[in-house]
Amino acid sequence: MRMDTIIMGGGLSGLICGIALAKRGQRVTIVAGGQSTLMFNGGSMELLGCIDGNNVSNPLEAISILPQSHPYRKIGAERIEALAEEAKQMLADAGINMEGSAAANHWRVTPMGIAKPAWLTLSENLRIDDLGKLPAKRVALMCIRGYFDQPNGMLAQGLRDLGFDVQTIEFTTDDITALRRSPSEMRATSLAKRLLSTTALQRVADQINALTGEADMVLLPSVLGQADDSDIKTLQGMCNKPLRFVATMPPVVAGMRMQTLLRHYFKMLGGNYLTGDTVISGNFEDGKLLNVSTEKLNDMPLRASNFVLATGSFISRGLAANYERVYEPVFDLDVDADADCDQWTRFGILEPQAYFNYGVTTDGSLHCQRQGKTISNLYAIGSVLSGHDAIKMGDGTGISLISALAVARNITGGK
Amino acid sequence: MAERMQICNLSENNFEQCTKCSICTTVCPVAAVTTDYPGPKQAGPDGERYRLKDPAYFDKALKLCLNCKRCEVACPSGVHIADIIQHARMKASEGHRASLRDTMLANTDLLGTVANLVAPIANATLGLKPTKLVMHSVMAIDKNRTFPAYSRQKFTTWFKRHAAKEQDSYPNHVSYFHGCYVNYNFPQLGQDLVKVMNAIGYGVHMLEKEQCCGVALIANGLYKQAKRQANVNTASIRQAAGTNHSTVLTTSSSCTFNLRDEYPAMLDIDNSDIRNNISLATRFIYNLVDEEKVKLVFKQDYKRRIAYHTACHMQRMGWQLYSIELLRMIPGLDLQVLEQECCGISGTYGFKKENYERSQAIGSILFKHIEDAQVEAVATDCETCKWQIEMSTGLPVENPISILADALDVEATRRANGI
């Protein structure tokens, strides 16, 4: 089977790259081995949040002081603004409505109640533009009885530390109580499926309206809207006070929705999405990748003019390590990683860990290389790229989006 | 050495690789509609730890599992979740006898043989309200279900009378595992396959012995019988592998998945030598066209808008790509590829009274997508999805091979391939 481009990995970067290519008329197949880490995303994208422990207020400006090895610098600092705008528009076209600016970070609130710099946040989520000017004074934090993926005490304390006057209110409805029958599965995603009908939503709204007397704003864990944001809008319309959502611990409904909407958009544009399959090997000749074999289509290799590696980092098995080395498991591409395994980690889980910076070696166009030689039609995007620590810098999702769009342009010869 | 140590630490069903991320539960169609089922993480890898300690920890709720395999497809860590659940069910069923209803539903070929003999009576009787009510109360087969109509003439009978003789005259050859549905209910699909294969220069041959693939036997806990039949089929496919029609084509995704993957995984039958001989017809044909070994010529005036539904087992095999790309070759076909959702029937599951409501609730998302797609028909590679979607949406559902046969200009295709 021959495609214009084959993308390995169906997470944020793979899907965005696939959409960009399909929009330009390419025949694209994404091979996605299981669900991606997008499923853990609470509803924000970050471009650049932090450099050397200092929060960044204008990511576009700050990018120019990043080291040359950082993916943004490889792509070119001057290209980031246009690519960021394209990404925001593409998300909106897929039905993902987010707010924010690449030139001015806002603050998102984590499930633990910590404010972190962000570039884009889902419209319905709590978003703070200026920590000195909170969007509300008194907030009612609604806590769903029996739901355990929201550490309410920590969240409330975190919000108080930010300056909110917080009242925590426990509530339930008949629909929610029914879920407690299977307590181990009382998760955000089960709640989202349970609270689909207008009557179920009305019962939630009745509780909110009855219990939140003095509050200026109501906060609810993000447990609605697995398919799209219509349930969220319905509930907001039913409540007497402004209703905002706060991210939950995984599994995350907002992340699932983003994954589903992007995949749907990609398929609508004619793209093929192979779920639960994995590329296992490829044939190289004269510095080019000719075809790849997957676990399930093993005796019929997939051919393409270009290939994109979007397999993610260690957690997604885009990178792997044994007792001897860090390696890229599909093609054994060259990686940027310390040879000495004593350097990989440092004691203390919250310390900066060297292995977070590891990834495949790429050139300025994000071409991969193998045994020191550049592969002219194989690109890497997203978390498999080296040269940054997404946890410490708050740039993971941004790199996924920006590198995906940059490579799509490299492939189609656009600017 | 280091690599091997890591691999050796895994048990056969690799449940240790579960990271408890719960993604499997988010895609489980059963957990989505009922709190009675604890979800694949709990039923699979989590419960397995307890069952290893003491089999008494087996939870009867595991019988609610559809075996749709969506959990395995979604798992980022490659855990064989559905296999763990099925094995636990298999172990718990040892010493228990399947009910008459389950035995009857599972024996699709026995039921078919009898029903074919009396097809007009069977079809009329099975459709009558009193019959349905008796089946509902006595047999616990839901009264809302319509049994697929039985054909008066078996596919194999038609083949012997009308097609078998000329098959040797073609330059190339394949075998065909028709399955129960084609043989007893819908011989037209088998005839369509013969028509298409002949047009591209391939003679079609039956296997020496074909029995029901056993997918329903496994689902209903009749493992011994499933294994007997699986051994017969595997031997027949092995026999065909040594002839000039060594590739065995299928037109049902569930039969294919069962023959290739469930035989080794569930019934412990080693089919590694012939597994790659078994191919869905759409995959085989797509590849012939792709490698420019054959040409397809389509009717000029063909024009239809059709939605493609990926059956759960099709997705597990990962072969939907071939059916979709083959259909996309038809110039007049406006193909809408639906988001993958479970239709809820899962073979015989939805026929059972206790599962009917759940089955329809599971399918409701898919039915809504189909309605929104505004199409005149639905294409899918699975016959039980077909029954479910036809009953629930009122739209006709066709196998991609039948659509291909309909769109093909047979004479022009024969000429283009020198036949």
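I began with the cysteines of this predicted model, and the search for disulfides over all chains came to a count of 0. I then looked up B:Cys75, which is in no disulfide, and found that the nearest cysteine sulfur belongs to B:Cys21 and is 6.3 Å away. Since a disulfide needs two cysteine sulfur atoms within 2.5 Å, I could follow why this pair, at 6.3 Å, was not counted. I also noted that B:Cys75 is buried, with a relative accessible area of 10%, whereas A:Cys341, at 35% relative accessibility, counts as partly exposed.

Next I turned to the nonpolar cores. The largest of them holds 157 residues, and the members that touch the most others are A:Leu262, A:Phe331, A:Leu378 and B:Met197. The element that gives the most to this core is helix 12 of chain A (residues 396-412), with 9 residues. I looked more carefully at B:Met197, and, with its neighbours within four places in sequence left aside, I listed its contacts as B:Val174, B:Tyr202, B:Val204, B:Leu249, B:Phe284 and B:Ile285. Apart from this core I found another, of 30 residues, which includes A:Leu179, A:Ala200, A:Ile208 and A:Val223.

Last, I went to the surface, where A:Met112, A:Ile114, A:Met154 and A:Met249 form a nonpolar patch with about 330 Å² of accessible area together. I located A:Met249 in the chain A loop that runs between strand 14 (243-246) and helix 10 (253-268). Its relative accessible area is 31%, and because a patch takes residues with over 30%, I could see how A:Met249 meets that cut-off while being partly exposed.

Technical notes:
Residues are numbered from 1 along each chain as its sequence is written. Chains are lettered from A and ligands numbered from 1 in the order in which they are written. This is a predicted model: local features need pLDDT of at least 70, side-chain atom pairs count only at pLDDT 80 or more; totals for chains, interfaces and linings use all residues. Side-chain values use heavy atoms; hydrogens and water are left out. Patches are made of residues with over 30% relative accessible area and no salt bridge: like charges are joined within 9 Å, nonpolar side chains (Val, Leu, Ile, Met, Phe, Trp, Tyr) within 5 Å. Accessible areas come from the Shrake-Rupley method with a 1.4 Å probe; for residues, only the protein chains shown count as cover. A salt bridge is a side-chain nitrogen of Lys or Arg within 4 Å of a carboxyl oxygen of Asp or Glu. Helices (H or I, at least four residues) and strands (E, at least two) are DSSP runs, numbered from the N terminus. Buried means under 20% relative accessible area, exposed over 50%, partly exposed in between (1.4 Å probe, protein chains only). A nonpolar core is a set of buried Ala, Val, Leu, Ile, Met, Phe, Trp, Tyr and Cys residues joined through side-chain atoms within 4.5 Å. Contact means heavy atoms within 4.5 Å.
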